[in-house]
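Reader: I should like to learn how surface features are read from a model. May we work through one case together?

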Amino acid sequence: MGLRRLEEHGIVRLDEERKASMVNNLLVALVADREAQPVINTGNIYS
């Protein structure tokens, strides 16, 4: 639902693979037994 709203508002456009990755990351953060650690992505997974 969150990803859909981001797309509807023109904030972000994600392909199916990136949507799956985003959902995975969000689920890990929600169910983890520790605080989430921010990660700064300095590259492109497709390069």
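Reader: What area does the protein chain expose, and what percentage of it do carbon and sulfur atoms supply?

Author: This is a predicted model. The protein chain exposes about 4600 Å², of which 56% is supplied by carbon and sulfur atoms. As for secondary structure, the chain contains two helices and zero strands.

Reader: What percentage of the residues in the protein chain is buried?

Author: A residue is called buried when its relative accessible area is under 20%. Of the 47 residues in the protein chain, 6% meet that description.

Reader: Is E7 buried or exposed?

Author: The cut-off for burial is under 20% relative accessible area. E7 has 19% relative accessibility and therefore counts as buried. Its place is in helix α1, which spans residues 2–8. Leaving aside residues up to four places away in sequence, E7 touches V12, R13, L14 and K19.

Reader: Which residues make the nonpolar surface patch?

Author: Residues enter a patch only with over 30% relative accessible area and no salt bridge. Here V23, L27, L30 and V31 make a nonpolar patch of about 420 Å².

Reader: How is the accessibility of V23 and of V31 classed?

Author: Exposed means over 50% relative accessible area, and partly exposed lies between that and the limit for burial. V31 has 66% relative accessibility, so V31 counts as exposed. V23, at 39%, is partly exposed. V31 is found in helix α2, residues 16–31, and V23 also lies in helix α2.

Reader: How far apart are V23 and G2 in sequence and in space?

Author: V23 and G2 are 21 residues apart in sequence, and their C-alpha atoms are 9.5 Å apart in space.

Note on methods
Residues numbered from 1 in each chain as written. Predicted model: local features only at pLDDT ≥ 70, side-chain atom pairs only at ≥ 80, totals over all residues. Heavy atoms only, no water. Patch = residues over 30% accessible without salt bridge, like charges linked within 9 Å, V, L, I, M, F, W, Y side chains within 5 Å. Areas by Shrake-Rupley, 256 points an atom, 1.4 Å probe, with all protein chains shown as cover. Salt bridge = Lys/Arg side-chain N within 4 Å of Asp/Glu carboxyl O. Helix = DSSP H or I, 4+ residues; strand = E, 2+ residues; numbered from the N terminus. Buried < 20%, exposed > 50% of the residue type's maximum accessible area, 1.4 Å probe, protein only. Contact = heavy atoms within 4.5 Å.
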